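Biologist: I am new to this structure and would like to know what stands behind the words used for it. Please take me through the terms one at a time.

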Amino acid sequence: MADIIVPELAESITEGEIVRWVKKVGDHVDKGEFIVELETDKVNAEIISEEEGVLTEILANEGDVVEVGAVIAKVEAGAAAAAPAPQQAPKEEAPKQEATKAEAPKVEAKPAATPIVEETPSTERVIASPAARKLAREKGIDLAAISPVDPQGRVRVQDVAAYGSAPASPAAQPAAPKAAPASTAKAVDSSRVEAVKMTRRQQTAAKRLLEVSQSTAMLTTFNEIDMTNVMALRKRKKEAFQEAHDGTRLGFMSFFTKAVTAALKKYPAVNAKIVGDEIHYNKFYDVGIAVATPDGLVVPNVRDTDRKNFAEIEATIAELATKARNKKLSLQDLEGGSFTITNGGVFGSLMSTPIINGDQAAILGMHNIVKRPVAVGDEIQIRPMMYVALSYDHRLINGKESVGFLKTVKDLIENPEDLLLES
């Protein structure tokens with residue numbers, strides 16, 4: 001009998017939510033075959049079977065949150081031996097499984113603990129941090145009995161510690177579970193409001209965006225770029241570029257990525273981050289490109305943009321965007337970026353103040369290209385103009401650096417031939 005275990009995906013990922021089971025009990029599985037999809041804070045992971053055989057038990061349901069290392073299913077090796085079991089006695093299968101659990105509670109208690117702790121008596125899942133769940137298990141506390149301080153309803157380790165140290169009374173403990181669900185399902189009039197549970201990734205994104213806004217001294221500076229020259233260059237070269245590079249299209253993102261890379265070299269503080277009481281100046285240039293997907297925004301990274309040419313950057317962005325929309329991004333695609341570009345202009349945004357991504361120091365916001373009258377020398381001309389915004393952490397980047405960085409990007413885009421000298 002082989003266990004299907006939630007694998008360790010990355011140091012920062014401690015748990016995930018089961019999205020769907022591809023196989024059901026009694027199905028034959030091959031070694032290396034994808035049997036269950038797991039959604040984590042960052043990516044969707046496909047968990048495979050390490051053995052060929054028959055799936056005999058599923059220990060966690062779709063929607064359950066399971067920790068790394070938890071056993072979520074069992075495969076009996078040897079298809080011929082295991083396959084007849086569900087057919088000969090399908091009604092006896094469930095009692096046999098429960099009998100096994102009763103005889104050896106220590107073996108099954110570990111994998112079963114995660115989903116049980118996270119559910120209230122009404123089967124509504126409690127949102128809690130991994131540390132909070134661990135402490136609750138150690139203290140034997142039901143997470144559903146805790147009233148969290150967090151306005152979003154997430155139980156933190158401080159909540160568990162406070163609950164565990166508070167004097168327990170028989171009357172007080174049962175009252176807490178009733179209060180938790182009241183703020184969601186019971187408060188919604190289904191005839192007027194459709195309540196849809198946030199996905200795990202949406203919850204994580206909301207939490208992190210709030211953390212960034214609360215933990216950084218974020219400011220935004222603006223400028224505008226005359227896109228005349230870069231649009232003319234792109235128009236002249238796009239067909240030849242596409243033919244020379246196996247169908248890769250020449251877009252604006254490669255110009256902005258190269259311009260940003262040159263500006264990062266000139267202003268290293270924008271390519272840095274704060275770690276404790278230290279400033280870490282990155283000596284690499286991994287630029288994240290925000291991609292909109294049905295499940296929300298993701299930011300895969302184009303690695304080593306200082307060493308890639310325009311065609312390599314365009315091809316990489318296209319590949320990452322396709323992977324993002326097909327939920328095929330890996331953790332390596334998402335981790336370790338030093339700067340981010342987001343393009344709200346593709347949706348028609350004229351101006352915005354983007355939020356810094358993760359522990360980075362700054363983010364560039366591109367916007368819609370709009371023809372409008374501008375002064376060119378002593379004349380008024382109609383030019384294609386784009387507003388750009390740089391949101392930055394003022395603890396690390398001062399006003400002079402932020403304005404200088406954005407002005408460098410502006411100058412390079414308005415004189416795109418100069419980018420060749422920076423490549």
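Biologist: What makes strand 6 and strand 8 a pair?

Modeller: Strand 6 (residues 53-58) and strand 8 (residues 71-77) are joined by five bridges, and two strands pair if DSSP finds at least two bridges between them. They therefore count as paired, and they run antiparallel. Glutamate 57 is one residue there, and it stands opposite lysine 74 in strand 8. The strand numbers come from DSSP runs counted from the N terminus, with at least two residues (E) for a strand and at least four (H or I) for a helix. This is a predicted model, in which local features need pLDDT of at least 70 and side-chain atom pairs count only at pLDDT 80 or more, while totals for chains, interfaces and linings use all residues. Residues are numbered from 1 along each chain as its sequence is written, and side-chain values use heavy atoms, leaving out hydrogens and water.

Biologist: Which strands are the edge strands of the open sheet with the order 1-8-6-3?

Modeller: Strand 1 (2-5) and strand 3 (28-29) are the edge strands, as each pairs on one side only. The pairing in this four-stranded sheet is antiparallel.

Biologist: Why is one side of strand 5 and of strand 7 left without a neighbour in the sheet?

Modeller: Another open sheet has four strands in the order 5-4-2-7, with antiparallel pairing. Strand 5 (44-48) and strand 7 (65-67) stand at its edges with a single partner strand each, so one side of each has no neighbour in the sheet.

Biologist: How do you know that strand 4 and strand 5 are joined?

Modeller: Five bridges join strand 4 (residues 34-39) to strand 5. In strand 5, alanine 45 stands opposite leucine 38, and isoleucine 48 is the bridge partner of phenylalanine 34. The two strands form a hairpin with four residues between them.

Biologist: Why are helix 10 and helix 11 called roughly perpendicular?

Modeller: The axes of helix 10 (residues 252-266) and helix 11 (residues 310-325) cross at roughly 115 degrees and come within 9 Å. Axes are lines fitted to C-alpha atoms, for helices over the stretch in contact, and angles run from 0 to 180 degrees between N-to-C directions. Angles of 65 to 115 degrees count as roughly perpendicular, so the term applies to helix 10 and helix 11.

Biologist: Which residues of helix 10 meet helix 11?

Modeller: Phe252, Met253, Ser254, Phe255, Thr257 and Lys258 in helix 10 meet residues of helix 11, including Phe310 and Ile313.

Terms used: Angles under 35 degrees count as roughly parallel, over 145 as roughly antiparallel, 65 to 115 as roughly perpendicular and the rest as oblique. Contact means heavy atoms within 4.5 Å.
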